[in-house]
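These are my notebook entries on a structure I went through contact by contact. I set down what I looked up, in the order in which I looked.

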Amino acid sequence: MNPNHDLEPAGAATPADDGRSVSARAHRGVAWAVVITGLAFPLPFLRNYLLTRIDSSSHLLGQYNLVLRFQQAVQTFFYPGGSNIFPTFYPKLKTSEERSGLIRAFLRYVLSGAALAVLVLLLFPGLLETALDATTDSGLRIVYLLLIPFALLSALATSAVIGHMSFVWASIVQRTQLILITLSAAFTWWAASGWMRDHPLLWFGVIATVAAIITTAVSAAVLVKTFNPKARPAIPAGCARFSVLTWLDTVFTFAYVAIDQYIINHLFGTAQLGVYAALYDIARIIPLTMQQFGHYLLATLAALIGQDAGTAVTRGYRSVARYSASVFAVLSIVILFFSKPLAALFGDNCAASHQYLLWLAVAMNIDSLTTVNNRALMAYERMGHVVLSKLFQTIVQLVLTLIFVERWGISGIIFAKAAGHGASSVVQAMAVARLPTTERLTLPTIYLVCQAIVLVSGIAAHLLVEGDWTRGLTGAMVAGGALWLGGRFTLGEIRGLIPRPRHERDTG
């Protein structure tokens with residue numbers, strides 16, 4: 001397969017193109033994106049491993065996590081509309097003029113947002129110190145102020161590349177910062193660099209800025225052949241309202257992702273935040289598996305809807321929902337029964353807190369249909385329902401966190417997080433069932449089966465395993481068998497997931 005297949009503009013299709021051709025083009029791009037994702041899969045854990053080796057107290061890892069939250073806050077509050085705008089509207093536009101006009105319009109908005117963000121931090125310098133939990137000197141402040149415009153431009157550029165359905169390039173540029181920070185951490189550990197150890201926030205800020213510049217440049221190179229710089233800036237009908245709702249969606253997403261981490265940093269210290277961040281990154285394997293392809297799914301659904309391929313939308317949703325729930329459950333089971341050995345990779349502090357990882361995995365599994373449901377709602381431009389689900393999740397998580405944290409500490413925070421995921425999932429399922437599809441998209445039975453198996457497995461792992469490899473392997477095999485039987489899977493169905501050359505697919 002040629003990775004450049006997915007560089008074909010979404011609007012280049014002829015009127016004879018149908019839902020099958022769009023799906024085929026998306027399949028080629030996603031197949032290569034799967035390969036890239038697989039190659040990059042170990043990097044977050046290698047990064048965390050190196051950071052905990054540089055500083056065994058996990059304080060350095062906690063600081064890096066605060067830098068990531070700073071970047072996320074900038075992109076949340078100052079990127080108009082959020083990163084889902086382009087995957088939703090770009091594939092539906094018919095001409096290069098319209099697509100270029102959309103890019104030019106949002107380029108103006110993003111630059112305005114960057115100027116506003118810089119102004120806010122200049123007027124209120126204490127915000128930056130609070131966000132990084134450190135006193136910032138003039139050099140450090142300059143680095144993070146410089147990061148802001150490039151972080152926003154890189155978010156815009158990556159989003160446009162996804163809307164362009166260039167899934168291969170998108171999957172590469174999205175990992176630029178991860179690759180650079182991992183390489184620099186490896187050098188710091190190997191060379192015992194005193195400067196990097198003594199100036200971690202400056203180190204992280206420079207790496208983040210360089211990564212954002214590279215991401216922007218590569219994305220611009222991908223889009224330049226189809227971009228008309230003379231196109232009139234314009235946004236499609238309905239995009240303004242959608243942008244407001246997606247912005248609210250990103251705000252609520254940031255809230256429920258950051259609530260627990262800021263509270264842990266405030267109440268228990270940056271080192272404890274580092275431990276929690278390392279365990280949380282392991283648990284995040286579960287949702288990230290589907291989130292990596294969420295934007296690609298959104299762009300594909302939007303293209304199918306644009307061609308009125310209603311049956312293809314229904315069939316595609318049900319297939320992806322089934323696999324999503326199953327993949328979530330499989331990954332959760334592995335993490336549940338081997339939580340202590342996995343946590344021990346990042347030091348004794350993480351190993352001692354491995355029960356946090358166990359219950360984080362149970363909480364993450366509740367979200368097994370979130371990516372699919374959110375993208376389906378976005379493709380039909382039902383952002384109001386997406387925002388409502390995030391609002392419920394944020395409220396439930398915040399209220400229960402404040403109630404539970406004093407009594408149960410970090411465990412209480414995790415239970416509150418799980419309850420928030422549950423509230424959001426219920427709202428999403430109800431909204432998807434009301435979409436104008438050819439058949440009603442009801443909650444698949446496999447979702448309930450997977451939830452029951454993972455919850456029972458979590459209880460068993462908590463009570464019986466405690467790092468024992470024999471018990472862990474036995475529990476994982478029993479849970480896997482229950483999932484196979486309960487999900488009614490077949491070998492043919494599993495083989496169908498393996499990407500094959502086009503001529504093999506065509507001949508069956």
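**Entry 1: Lys 417 and Asp 260**

I began with the salt bridge between Lys 417 and Asp 260, whose closest N and O atoms are 3.1 Å apart. I then placed the two partners and found that the pair links distant parts of the chain: Lys 417 is in helix H22 (residues 410-432) and Asp 260 in helix H12 (residues 239-268), 157 residues apart. I looked up their accessibility and noted both Lys 417 and Asp 260 as buried. I record here that the model is a predicted one.

**Entry 2: the other salt bridges I examined**

How many salt bridges does the count come to? I obtained 6 salt bridges.

I turned to Arg 47, which forms a salt bridge with Asp 281; the closest N and O atoms are 2.9 Å apart. Arg 47 lies in helix H2 and Asp 281 in helix H13 (residues 270-283), so this pair ties together parts that are 234 residues apart in sequence. Are the partners buried or exposed? Arg 47 has 8% relative accessibility and therefore counts as buried. Asp 281, at 11% relative accessibility, counts as buried also. I followed the charges further and found Arg 47, Asp 281 and Arg 284 linked in a network of salt bridges.

I next examined Lys 340, which forms a salt bridge with Glu 466, with the closest N and O atoms 3.6 Å apart. Lys 340 lies in helix H17 (residues 339-344), and Glu 466 in the loop between helix H23 (445-465) and helix H24 (469-487), so the pair ties together parts that are 126 residues apart in sequence. I noted Lys 340 as partly exposed, with a relative accessible area of 30%. Glu 466 counts as partly exposed at 44% relative accessibility.

**Entry 3: aromatic rings**

I counted the aromatic pairs next, and the structure holds 15 of them. One of these is formed by Tyr 49 and Trp 189, an edge-to-face pair with 6.2 Å centre to centre and 90° between the planes. Where do the two rings sit in the chain? Tyr 49 is in helix H2 (residues 43-54) and Trp 189 in helix H9 (residues 176-191), 140 residues apart, and the pair links distant parts of the chain. I assigned Tyr 49 to the partly exposed class at 29% relative accessibility. Trp 189, at 40% relative accessibility, is also partly exposed.

I found a cluster as well: ring pairs link Phe 86, Tyr 90, Phe 106 and Tyr 109. I then checked for a charge over a ring and noted Arg 407, which lies over the face of Trp 408 at 5.6 Å from the ring centre.

**Entry 4: Thr 215**

My last entry concerns Thr 215, which I located in helix H11 (residues 200-223). Its relative accessibility is 6%, so I entered Thr 215 as buried. What does Thr 215 touch, not counting residues up to four places away in sequence? I listed Ser 154, Thr 158, Val 173 and Thr 176. With Val 173, the side chain of Thr 215 reaches the backbone oxygen at 3.4 Å. With Thr 176, a polar contact of 3.4 Å joins the two side chains.

Conventions
Residues are numbered from 1 along each chain as its sequence is written. This is a predicted model: local features need pLDDT of at least 70, side-chain atom pairs count only at pLDDT 80 or more; totals for chains, interfaces and linings use all residues. Side-chain values use heavy atoms; hydrogens and water are left out. Helices (H or I, at least four residues) and strands (E, at least two) are DSSP runs, numbered from the N terminus. Buried means under 20% relative accessible area, exposed over 50%, partly exposed in between (1.4 Å probe, protein chains only). A polar contact is a pair of N or O atoms within 3.5 Å; within protein, one must be able to donate a hydrogen and the other to accept it, and residues adjacent in sequence count only if both atoms are side-chain atoms. Contact means heavy atoms within 4.5 Å. Rings of Phe, Tyr and Trp (its six-membered ring) pair if their centres lie within 6.5 Å; planes under 30 degrees apart count as stacked, over 60 as edge-to-face and the rest as tilted. A charge sits over a ring if NZ of Lys or CZ of Arg is within 6 Å of the ring centre and within 35 degrees of the ring normal. A salt bridge is a side-chain nitrogen of Lys or Arg within 4 Å of a carboxyl oxygen of Asp or Glu.
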